[in-house]
Amino acid sequence: MSRSFPLSKLSRTFSWALLIVIAIAVLLRVINLSSREFWYDEVLSLLLSTGQKTSYSTPKELPVTLADYTPLLSLPVENGIGAIPATLKKLLQGLAGEPHPPLFFLGQHLWLRLFGNSVAATRSLGALFSIGAIGSAYGLGRRLLGHQGGLLLAALLGTNTYYLFHSLNVRMYGPLLLWVILSAWAALELIEPKKTFQDKEHKDSESTGKYTKLLWNLVFIGSIAAGFLTFYYFAFFIAALVVLVLWLDRQHWWQHGLRFTAGITLTIPWVWWGTRQQLRNADLERFGAIQTWMETVWKHLEGVIQTLGIHLVLGDWATSLPLVSTTVAGVGAIALLVVCSISLWRQHHYRVLGVALLLGIFPLVLALTIDILKGQFTVGFGWGRSMIFILPGCLLLIAAWIERTMGKWRPLAAALVLGFYLVLSIGDFTLRDRRMFHQIADIIEQEPNTPTLIVMNSQAWGHVLRLAYYIPSDLPVTLLAQAPAKLAPVLEKTLNTQTGNFSRVIWLDSGDPVWSKPKTEAEKLKFQQNIQTTLKSQYQLIETQPLVGTMEEDQFTLHLYQSSER
């Protein structure tokens, strides 16, 4: 029996239990591929991936046939293989006004060509990347903590509520973690094994051959390039890897430097052509605001606390809970990380502690420092997703604490953490519904031949495109979408000129119009009253119902009106 992995009966049971948890984590991804509708940003990813963003136009004052938007969410009609480069060119041109690099969207574009644009098909690529990340987490954990430590880290990542949400999300944040974990694992494999992580229980007895080292070089270089071309903030993680290799293997700094240089060099064509355009079009002002000194300090601190609370405790539940809940969860997460660090330090596990802190906490501190210097607040942006690359390092710290310091209590500690994650993750996808636009489609399909006008107080493309995606294109549906302040007068003009064209009106009152929110509650009520007055002059209110999702952008109130002449 191998000395590296003592397999007592209890140890085998623990390993099998961890494998079962990992299998459940994979199963959760498979069965939930289409359990929720696209949320706001996902449908934007789909539009960008089809290469048709440049063909999108914001609704004007004249009503538009909703089905006109539907083709934009599929690949364009192409006359032969020769048209594919033109589509790819449009895809890249569409990214010029976006804040993200192209790799994720190019991958999704290829996936669309292979499997189509259904919800399950488009999300399956991200799910596959997340399964790859879980497998890579085992490799990283095994490299540092041994076989069971690798299984524990993989199980923690797989069941983590926040990562499960992003694994089933047509956005770049989930796939990014594969490049984060692979680059860290490859960096450790390229550092001289005999001088790193030698302990009495886990010795790496395998010599790294020439071809194996070449493979790890390619993995490292490819991961560095892929990570940066997936998400620009990956640069903070690259900085952490630089510090890591200088700490553990500074005598070979020039070899590591060549690897970093090679990876970064691969990104230059896009940086030269695309990133420069994106910077010219970037809206950096949204990350900053003029505030008092105390407000600024608190907002920076709040960003860190809430990010850790979302990453390690609440996950996507944070979008449905009061902000104070996220802050309390963040304080608890910080307390846990402090306890883990102190325990590892006291038991002299300095190396694994240092690696975990460098991969998890160091990039967060670096990003916070840049925010402070630039007067911006990006750390807490988007429910913590801008900092998602710190998640594997934080989970590594928890896994190391359980594996190296808990002794006979290790299975119980692992069961408590993993059980907590599983309960939150399963609850997230069973108790929190997001099928708002299906409900709208169901109402329209009750009378499928009735001409219907959808009136919406939002021109945001995430709202318009979700209507176009979920409402069948063969239904006679027309859309009038305007900012809240303009909707009532434009609607009155439309009804006066086209009143006979619509037997039914559905007024969708968005709780978050995104681009044009009313400044005050009184202003919001005034706009609503104006719309009600306009509709009641010619239509009769039949039904009112709330449409509730998991995010603020999902909240609508649906008002169904029928023509008074019917």
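**Warm-up: aromatic rings**

Phe-38, Phe-437, Tyr-469, Tyr-470 and Phe-556 form one aromatic cluster. The model is predicted, so local features need pLDDT of at least 70 and side-chain atom pairs pLDDT 80 or more, while totals for chains, interfaces and linings use all residues. Residues are numbered from 1 along each chain as its sequence is written, and side-chain values use heavy atoms, leaving out hydrogens and water.

**Exercise 1.** Work out which kind of pair Phe-104 and Phe-105 make.

*Solution.* Start with the rule: rings of Phe, Tyr and Trp (its six-membered ring) pair if their centres lie within 6.5 Å, with planes under 30 degrees apart stacked, over 60 edge-to-face and the rest tilted. The structure holds 22 such pairs. For Phe-104 and Phe-105, the centres are 5.2 Å apart and the planes stand at 80°, so call this one edge-to-face.

**Exercise 2.** Now classify Phe-231 and Tyr-233, then ask how covered each residue is.

*Solution.* Their ring centres sit 5.7 Å apart with planes at 55°, so the pair is tilted. Next, cover: buried means under 20% relative accessible area, exposed over 50%, partly exposed in between (1.4 Å probe, protein chains only). Phe-231, at 6%, is buried, whereas Tyr-233, at 24%, is partly exposed.

**Exercise 3.** Find the charged residue over the face of Trp-272.

*Solution.* The test wants NZ of Lys or CZ of Arg within 6 Å of the ring centre and within 35 degrees of the ring normal. Arg-276 fits the bill, lying over the Trp-272 face at 4.1 Å from the ring centre. Likewise, Lys-299 lies over the face of Phe-377, at 4.6 Å from the ring centre.
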